[in-house]
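Q: Please take one part of this model and look at it closely, starting from a single position and working outward to what surrounds it. I would like one connected account rather than a list.

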Amino acid sequence: MKKYLLTIALTLGVICITGCSKDSKVSQIIAESMGEATFYEEDKRVTFTLRSFPYDMEYKKYTLPYLSCELYQEKSDDNDTYTPYVIAKVNISEMDDEALLGFDEDLFVYGKISNDKNQLNKDLSKICKIDHDGYRYYVFSKASSTSDGYKYDFTESSFSLTFFILQGEEYRALQFDYQGYTSSTVKDLNEIDNDIRHEIKQKQLEAAKPKI
C-alpha cells in the first residue's frame with residue numbers, strides 16, 4: 001500500500017494515526033508531535049505547517065527533502081529601490097526525469113510577502129524553477145525585472161510558501177506550509193550561487209519582453 005509520508009522509526013514525540021482515502025483505503029500518517037511540524041487532516045488533503053528545516057516532503061514513492069525557504073532582496077544601482085525574492089530549495093536527487101515530469105504536473109506552489117514599510121501584502125509571482133546539482137530552486141518575486149521596485153528594504157517582513165502536491169486519485173493531497181519572518185537583516189541576492197542568480201535575471205528579462 002502506498003504511504004502518505006516517508007516511514008520513520010517510532011520514537012518519543014511521534015504520533016501515529018490513520019486516515020482514509022476517498023476510496024476508503026487506509027493509509028498510515030506519521031508526524032512529529034514536537035519539533036519540525038504540526039498537521040491537520042481534511043477530506044481531500046493533509047496540511048503540514050513546518051516549523052524548521054530540513055523537512056521530508058513526499059510525492060508518491062519519492063522523498064523530497066525540503067531544505068530551506070529564505071527571503072532575499074536586491075537593491076537597484078540607479079534609484080535605491082528594493083526587490084524581494086522568496087527562494088525555496090528542495091533536494092530532487094532521488095527522482096529521475098520521468099518522475100520529475102509527473103511531479104511538475106501534480107505540484108502547485110504559492111508565495112506571498114507582507115511588509116508594512118512598503119505597504120505591501122501580496123502574492124508573489126513564480127519567476128522560475130531552477131535545477132542545479134541535484135537541487136531544485138523555486139523562485140518567487142515580482143513578475144518583471146523592469147517594473148518598479150520598493151522604496152524601503154525588506155527587514156521586518158513576513159513571507160510564506162505553500163507546496164500543494166497531488167498524490168493520485170486514491171490518496172489525499174499533501175500540503176506543506178511555511179511562514180518565515182525577517183527582523184533586522186535580509187540576505188542579498190548576490191549571496192546566492194552565481195549560476196542561479198544569472199538564471200533568475202534571465203527569466204525576468206524574458207517575462208518583460210512583449211508577447212507576439
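A: The position to start from is Ile200, which is found in helix H2, residues 194-208. Helices here are DSSP runs of H or I with at least four residues, strands are runs of E with at least two, and both are numbered from the N terminus. This is a predicted model, in which local features need a pLDDT of at least 70 and side-chain atom pairs count only at pLDDT 80 or more, whereas totals for chains, interfaces and linings use all residues. Residues are numbered from 1 along each chain as its sequence is written, and side-chain values use heavy atoms, with hydrogens and water left out.

Ile200 has a relative accessible area of 0% and is therefore buried; the term means under 20% relative accessible area, with exposed meaning over 50% and partly exposed in between, for a 1.4 Å probe and protein chains only. Leaving aside neighbours within four places in sequence, Ile200 is in contact (heavy atoms within 4.5 Å) with Tyr85, Ile87, Ile127, Cys128, Ile130, Val139 and Leu189. Another residue of that stretch of chain, Lys129, is 71 residues away from Ile200 in sequence, yet the two C-alpha atoms are separated by 8.8 Å.

Which residues of H2 are buried? They are Ile196, Arg197, Ile200 and Gln204, and because these fall within an arc of 100° when seen down the axis of H2, they line one face of the helix; the arc is that of the directions from the helix axis to the C-beta atoms. In an α-helix there are 3.6 residues a turn, so residues three or four places apart point the same way. Asn194, Asp195 and His198, on the other side of H2, are exposed. The 15 residues of H2 reach 21 Å from the first C-alpha to the last, close to the 21 Å expected at 1.5 Å a residue, where the expected span is 1.5 Å times one less than the number of residues. At the N-terminal end, Asp193 caps H2, with a side-chain oxygen 2.9 Å from the backbone nitrogen of Asp195; a polar contact is a pair of N or O atoms within 3.5 Å, where within protein one must be able to donate a hydrogen and the other to accept it, and residues adjacent in sequence count only if both atoms are side-chain atoms.

The buried residues of H2 pack against three strands, E7 (82-91), E9 (120-132) and E10 (135-141). To place this packing in the wider fold, it helps to turn to the nonpolar cores, each a set of buried Ala, Val, Leu, Ile, Met, Phe, Trp, Tyr and Cys residues joined through side-chain atoms within 4.5 Å. The largest core has 38 residues, and those that touch the most other members are Tyr66, Tyr138, Leu161, Phe163 and Phe176. Strand E6 (residues 62-75) gives the largest share of this core, 5 residues. A second, separate core has 12 residues, including Tyr85, Ile130, Tyr137 and Leu189; Tyr85, Ile130 and Leu189 are also among the contacts of Ile200. Tyr138, one of the best-connected members of the largest core, touches Ile87 and Cys128, among others, once residues up to four places away in sequence are set aside, and both Ile87 and Cys128 are contacts of Ile200 as well.

Phe103 is another residue that Tyr138 touches, and Phe103 leads to the other helix to be compared here. In helix H1 (residues 97-106), the buried residues are Ala99, Leu100, Gly102, Phe103 and Asp106. They cover an arc of only 160° around the axis, which puts them on the same side of H1, while Asp97, Glu98, Leu101 and Glu105 on the other side are exposed. The buried residues of H1 pack against strand E5 (55-59), E6, strand E8 (107-115), E10 and E11. E10 thus appears in the packing of H1 and also in that of H2.

Charged pairs complete the surroundings. A salt bridge is a side-chain nitrogen of Lys or Arg within 4 Å of a carboxyl oxygen of Asp or Glu, and a search of the whole structure finds 8 of them. Asp104, Asp131 and Arg136 are linked in a network of such bridges. Lys117 pairs with Asp153, the closest N and O atoms being 2.5 Å apart; Lys117 lies in the loop between E8 and E9 and Asp153 in the loop between E10 and E11, so the pair ties together parts that are 36 residues apart in sequence.
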